[in-house]
Amino acid sequence: MYCKQFILTIILSAFCGLLLNAQPYDKSVHTDPEIIRGFMDKRFGMFIHWGPVSLRGTEIGWSRGREVSKEDYDNLYKEFNPVLFDANDWVKAAKDAGMKYLTITARHHDGFSLWPSKFTEYDIAATPYKKDIVGALAKACKKADIEFCIYYSVLDWYHPDYPIHSAADQTIDPKADMDRYIMFMKNQLKELITRYDPYMLWFDGDWEKPWTNEMGRDIYAYLKELKPDLIVNNRLSNVGGGKRRTDDSMVGDYDTPEQKVGKLDMNVPWESCFTLSSQWAWKPNDNIKSLDQCLDILSKTSGGNGNLLLNVGPMPDGRIEARQVTRLQEIGQWLKNNGDAVYNTFGGPYEPTDHYASTRKGNKIYLHVLNTDTATIELKKIPGRKIQSAAVLGGKQVNIIERDEHLLVQLPSSGQSGLNYIIELTLDGDAESIPVIR
Ligand code: JFZ
């Protein structure tokens, strides 16, 4: 009798388990909206792509088996000795830029671990440098009140258990074993979380055949058990064609447009990642975006209600190039004067154009003027609101002419630096609840 009941319970729970698996993704394990809000309030972070590949100056992961032979690439770690690396310098560069978080490639597609990992020999401990780079950055970030985040690639072209061994050749290796590989991933992820307590994990490389949505969901649930408030990006699902889910079935907490500004969206959080140069990893004499370009991207991302993750690729000796550091300082200088229009704001209500972007907070709308050559900006009137005053942020009043359904904002003719500037519109009511104006 007792035994029968026992068997029945087992059969029943197995059946329920099956049913549960068939259900759409359990949203209860998603990150608390307040935590996500806190992340989105930060608006600006530093992406860092780095590893032994910087010795060759080619692209991280992707150049393996292309510009650099596999043999050469996989042995670069034996020469990797960034003696001038100082985590505090990098964190200071981020801080000076006005960045609020930092995301380091702890393990990119090439499989090299930038921290001493118990689960691989292919790591920083095996280099002449030996010291823990991820650990040093985690510590420096905590000290400087910068949120520390970790990039981790789902695909690993180096690992024998991951079935694809290079970008160029997508043949499936029959000797590989995804179950074992996922165990390895989980071990490393647990190691990273318990040792460095990251604020966020930035996954990548979810588009190849071996990866499935189910694997992504399993990893996400595993992480949330280890750290319930951990923020996770959405590159954990595989819907094919490089597309990613942003609907309710999204695996992860926020969307990740790459090298392009996300669309204005008041519901799904997103973060656009951009290279400051052309390559993610360091390349000698790579070109670098102008200050104008950087500020346009920053205004448009915040104006779209998204974050900007701006990438630097440090040199093989451990330093960030001086001209990159200078550009970051210039952005930080601009943010010192205009940060009220970026941090802790919402995007909109106006959809960004090539001439302007807008952000809002309380009863203010911050109009980011991108094209400083125009004399006026024409905006649609704001339904249900009147503008009480308008002025350059921290400066002179500006005139607004009402014409039919439009507002003509008269821009100041001179006195601006030629860079983007902000016009602060004070409304007679709340700006945050205004529906998006397209
Ligand atoms: C990915 C990485 O591959 C890249 O190295 C970098 O880390 C970036 C932030 O994220 O970017 C991609 C993703 C997919 C393709 C190319 C670049 N693709 O499918 O060609």
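Q: What makes the pair formed by the side chain of Arg-235 and the ligand a polar contact?
A: In this predicted model, an oxygen atom of the ligand is 3.2 Å from an N or O atom in the Arg-235 side chain. The cut-off is 3.5 Å, so the pair counts as a polar contact.

Q: How do you know that the side chains of His-49 and Asp-204 make polar contacts with the ligand?
A: For His-49, a side-chain N or O atom is 2.6 Å from an oxygen atom of the ligand. For Asp-204, the distance from a side-chain N or O atom to a ligand oxygen atom is 2.8 Å. Both values are within 3.5 Å, so both pairs qualify.

Q: How much of the accessible area of the ligand does the protein cover?
A: On its own the ligand has 440 Å² of accessible area, and the protein covers 74% of it.

Q: Which residues are around the ligand, and how do they divide by type?
A: Among them are Phe-47, Trp-62, His-108, Tyr-151 and Glu-258. The shell divides into 5 nonpolar, 3 polar and 3 charged residues.

Q: Why is the pair of Tyr-122 and Tyr-158 called stacked?
A: It belongs to the aromatic pairs, of which the whole structure has 20. The ring centres of Tyr-122 and Tyr-158 are 3.8 Å apart, within the 6.5 Å limit, and the planes are at 15°, under 30 degrees, so the pair is stacked.

Q: What makes this pair of Tyr-122 and Tyr-158 a tie between parts apart in sequence?
A: Tyr-122 is in the loop between strand E2 and helix H5, while Tyr-158 is in the loop between strand E3 and helix H6, so the pair ties together parts that are 36 residues apart in sequence.

Q: Is Tyr-122 buried or exposed, and what is Tyr-158?
A: Tyr-122 has a relative accessible area of 3%, which is under 20%, so Tyr-122 is buried. Tyr-158, at 33%, falls between 20% and 50%, so Tyr-158 is partly exposed.

Q: Why is the pair of Tyr-181 and Phe-184 called tilted?
A: The centres are 6.1 Å apart, within 6.5 Å, and the angle of 40° between the planes is neither under 30 degrees nor over 60, so the pair is tilted. Both residues lie in helix H6, 3 residues apart, about one turn of the helix.

Q: How do you know that Lys-186 sits over the ring of Tyr-222?
A: The charged end of Lys-186 is 5.1 Å from the ring centre of Tyr-222 and sits over the ring. The distance limit is 6 Å, so the distance part of the test is met. Lys-100 likewise lies over the face of Tyr-343, at 4.4 Å from the ring centre.

Note on methods:
Residues are numbered from 1 along each chain as its sequence is written. This is a predicted model: local features need pLDDT of at least 70, side-chain atom pairs count only at pLDDT 80 or more; totals for chains, interfaces and linings use all residues. Side-chain values use heavy atoms; hydrogens and water are left out. Rings of Phe, Tyr and Trp (its six-membered ring) pair if their centres lie within 6.5 Å; planes under 30 degrees apart count as stacked, over 60 as edge-to-face and the rest as tilted. Helices (H or I, at least four residues) and strands (E, at least two) are DSSP runs, numbered from the N terminus. Buried means under 20% relative accessible area, exposed over 50%, partly exposed in between (1.4 Å probe, protein chains only). A charge sits over a ring if NZ of Lys or CZ of Arg is within 6 Å of the ring centre and within 35 degrees of the ring normal. A residue is near a molecule or strand if one of its heavy atoms lies within 4 Å of it. A polar contact is a pair of N or O atoms within 3.5 Å; within protein, one must be able to donate a hydrogen and the other to accept it, and residues adjacent in sequence count only if both atoms are side-chain atoms. Accessible areas come from the Shrake-Rupley method with a 1.4 Å probe; for residues, only the protein chains shown count as cover. Ala, Val, Leu, Ile, Met, Phe, Trp, Tyr, Cys and Pro count as nonpolar, Asp, Glu, Lys and Arg as charged, and the others, Gly among them, as polar.
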